[in-house]
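Got your viewer open? Load the model and get your selection tool ready for a quick walk through its interior and its charged pairs.

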Amino acid sequence: MSRSVEQVVAQYGPKMRAKFRPACQRARVSFPPKKLVLLAFKEEKSLEIWGDGKKLATYPILAASGDLGPKRCEGDRQVPEGFYKLTVLNPNSAYHLSIRVDYPNAEDIAHKTVERNQMGGDIYIHGNAASIGCLAMGDPGIEEIFPLIATVGLRNSRIIISPVDLRVSSAPETADRWLKDLYKRLKISLRNYR
């Protein structure tokens, strides 16, 4: 049975509001926040939700395949790393609900190691507890995250995916100059989220 984003928000909005309205109140930001930033840490298997510069929630990532390091090609089972927009809300996902991450972005394409059509795509934050390059949040988690992003809006939401929490850990060793630069920029950006 097909459903719309509006139907999903009607169904799970009360659950989302029960979690995020008090979280916003404690953080002293308006509900809903004007801007959302999601911080995903691959090593720690953690997803933080920040609204208007304040931390509102942390969710465990139940599954994320691959190792540290960026996604380079289709089928490598890697979760991308970098700064991404959220582009599509999918209320009819095979993984309950899903939110598309805009991999490959312009930076991924500029530093590709394979032809563009071999880079892969279809990277999502989704429900369930299985992943092949996506961030699986479990159904209860995505039932709160999806309606929050739907309410705030895709244009006002983005995700930063880091190999480790660079606020407290060192970046993985790499000889790749682009990747060293990316990790340096991720570390600088993450200083805004303390």
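We'll start at a cavity and then hop between salt bridges.

Keep in mind that this is a predicted model. A search of the whole structure turns up 1 cavity of 30 Å³ or more, with about 40 Å³ of space in it. To see its walls, select Lys71, Arg72, Tyr103, Asp108, His111, Lys112, Thr113, Met119 and Trp178. Colour that lining by class and you get 3 nonpolar, 2 polar and 4 charged residues.

Stay on Lys71, one of the lining residues, and add Asp76. Their side chains meet in a salt bridge, 2.8 Å from N to O. Is Lys71 buried or exposed? Lys71 counts as buried because its relative accessibility is 7%, under the 20% cut-off. Asp76 is partly exposed, at 22%.

That pair is one of several: the structure holds 10 salt bridges. Next, select Lys19 and Glu144, whose closest N and O atoms are 3.8 Å apart in another salt bridge. This one links distant parts of the chain, with Lys19 in helix 1 (residues 5–27) and Glu144 in helix 3 (residues 138–152), 125 residues apart. Lys19 is partly exposed, with a relative accessible area of 29%, whereas Glu144 is buried at 12%.

For the last stop, pick Arg167 and Asp165. Their salt bridge has its closest N and O atoms 2.8 Å apart. Arg167 counts as buried at 16% relative accessibility, and Asp165 is buried too, at 11%. Now add Glu48 and Lys55 to the selection: together with Asp165 and Arg167 they are linked in a network of salt bridges.

Notes:
Residues are numbered from 1 along each chain as its sequence is written. This is a predicted model: local features need pLDDT of at least 70, side-chain atom pairs count only at pLDDT 80 or more; totals for chains, interfaces and linings use all residues. Side-chain values use heavy atoms; hydrogens and water are left out. On a 1 Å grid over the protein atoms alone, a cavity is a set of points where a 1.4 Å probe fits but cannot get out, and a pocket is an open set with protein on both sides within 12 Å along at least five of seven lines; lining residues have an atom within 4 Å of a point. Grid points are joined across faces, edges and corners, and a volume is the space filled by probe spheres set on the points. Ala, Val, Leu, Ile, Met, Phe, Trp, Tyr, Cys and Pro count as nonpolar, Asp, Glu, Lys and Arg as charged, and the others, Gly among them, as polar. A salt bridge is a side-chain nitrogen of Lys or Arg within 4 Å of a carboxyl oxygen of Asp or Glu. Helices (H or I, at least four residues) and strands (E, at least two) are DSSP runs, numbered from the N terminus. Buried means under 20% relative accessible area, exposed over 50%, partly exposed in between (1.4 Å probe, protein chains only).
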